[in-house]
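Thank you all for coming; I would like to take a few minutes to walk through one model with you. Please have the sequence and the coordinates open while I talk, and stop me wherever something is unclear.

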Amino acid sequence: MSRPETRELGERGRLAIERVLELLAVEPASVSSITEPRRAWDVHVADSLSGLEVEQLVRAERIADIGSGAGFPGIVLAAALPSSEVDLIESVERKCRFARRALAEAGIANASARCCRSEQLAAGEGREAYDAVTARAVGRLSTLAELASPLLRHGGALVAWKGRRDPEEEAELARAQGSLGMRAEAVIAVAPFAASRHRHLHILRKAGPTPERLPRRPGLAKKRPRGASEARRHPD
């Protein structure tokens, strides 16, 4: 499996990720809709590696990957950034078990899978403990900003993998960000594989202290997102 982006992983990292994809292909539990190794390399690995275009992420000593699922982008970032410590935050037990097994069998020692909600971590030892937070296909930008804020140190960055830009979603974030101690900083268009022409990375900066009311109870950031319009808060 020779791909141009393997230079970002190095030989050891490439072998580790190939082992992860081998495990994914035969995993009996439902942890990902894409498991065929060659397609998974594009959709999971190349897409995850696009995050290396964000300098704040490359320089981060501690990274929290929220809603990590089967471990993407967190496992790939850990393989590409061996000097960083990566926590994979996932509340679904079967996905967490797979991530733990994949990390162990691939020999990726600088990452760990944590079976919990990000709100629970942020209410305890994870509060303001991370230089960067990543989130791939997890939720709306305002929800992600709320989940990331109490995890990030001042000046830390949230990197959110999103598809086609959505003006309504970005306006929602603009209304919410001040109350969350976050600030939208940049949007980068990336094309890690052929079918990803609408992929964008949204970078948000932790611009102030964590509001005392954060985190809210688990699930509220998604159910009642900050900055949402009245129509979205109270759908028919």
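**The disulfide and the sheet**

Let me begin with a torsion: about the S-S bond of Cys-96 and Cys-115 it comes to about -120 degrees, so this disulfide is left-handed. Cys-96 belongs to helix 5, residues 93–106, while Cys-115 belongs to strand 3, so the bond ties together parts that are 19 residues apart in sequence. The sulfur atoms of Cys-96 and Cys-115 are placed 1.9 Å from each other, and the structure holds one disulfide. I should say at this point that what we are looking at is a predicted model, and please keep that in mind throughout.

Strand 3 leads us on to the sheet, which is open, has seven strands in the order 3-2-1-4-5-7-6, and shows mixed pairing. Which strands form its edges? They are strand 3, at 111–115, and strand 6, at 182–189, each of which pairs on one side only. Averaged over this sheet, and with direction ignored, neighbouring strands are turned by 20 degrees against each other. As a reminder, the strands of a sheet pair through backbone hydrogen bonds, in either a parallel or an antiparallel fashion. Further along the order, strand 5, which covers residues 152–162, pairs with strand 7, residues 200–206, in the antiparallel sense and over six bridges. Within this part of the model, Ala-157 has Arg-205 of strand 7 standing opposite.

Helix 7 packs on the sheet, where it touches strand 1 (62–66), strand 4 (130–136), strand 5, strand 6 and strand 7, and the direction of helix 7 makes about 150 degrees with that of strand 5.

Now to the helix pairs. Helix 7, residues 141–148, also packs with helix 8, residues 167–180, at an angle of about 25 degrees and with the two axes 8 Å apart. Since angles under 35 degrees are counted as roughly parallel, helix 7 and helix 8 are therefore roughly parallel to each other, and their crossing is right-handed. On the side of helix 7 the contact is made by Leu-141, Ser-142, Ala-145 and Glu-146, and on the side of helix 8 by Glu-169, Glu-170, Glu-172, Leu-173, Ala-176 and Leu-180. Sorted by class, this contact has five nonpolar residues, one polar residue and four charged ones.

The other pair I want to show is helix 1, residues 10–26, with helix 2, residues 37–49, which pack at an angle of about 115 degrees with their axes 10 Å apart. This crossing, too, is right-handed. Helix 1 contributes Arg-14, Ile-17, Glu-18, Leu-21, Leu-24 and Ala-25 to the contact, and helix 2 contributes Pro-37, Ala-40, Trp-41, His-44 and Val-45; by class, that gives eight nonpolar, one polar and two charged residues.

Finally, some backbone details in the loops. The peptide bond from Phe-72 to Pro-73 is cis, with omega near 10 degrees, and Pro-73 is found in the loop between strand 1 and helix 4, the latter at 74–80. Leu-214 and Pro-215 are likewise joined by a cis peptide bond, with omega about 0 degrees, and Pro-215 sits in the loop between strand 7 and helix 9, at 220–223. Glu-128, in the loop between helix 6 (118–122) and strand 4, has a phi near 50 degrees, which is a positive value in a residue other than glycine.

Methods: Residues numbered from 1 in each chain as written. Predicted model: local features only at pLDDT ≥ 70, side-chain atom pairs only at ≥ 80, totals over all residues. Heavy atoms only, no water. Axes fitted to C-alpha atoms, helices over the stretch in contact; angles between N-to-C directions. Helix = DSSP H or I, 4+ residues; strand = E, 2+ residues; numbered from the N terminus. Parallel < 35°, antiparallel > 145°, perpendicular 65-115°, else oblique. Left-handed = near helix turned anticlockwise from the far one by under 90°. Contact = heavy atoms within 4.5 Å. Nonpolar A, V, L, I, M, F, W, Y, C, P; charged D, E, K, R; others polar. Pairing = 2+ DSSP bridges. Disulfide = S-S within 2.5 Å.
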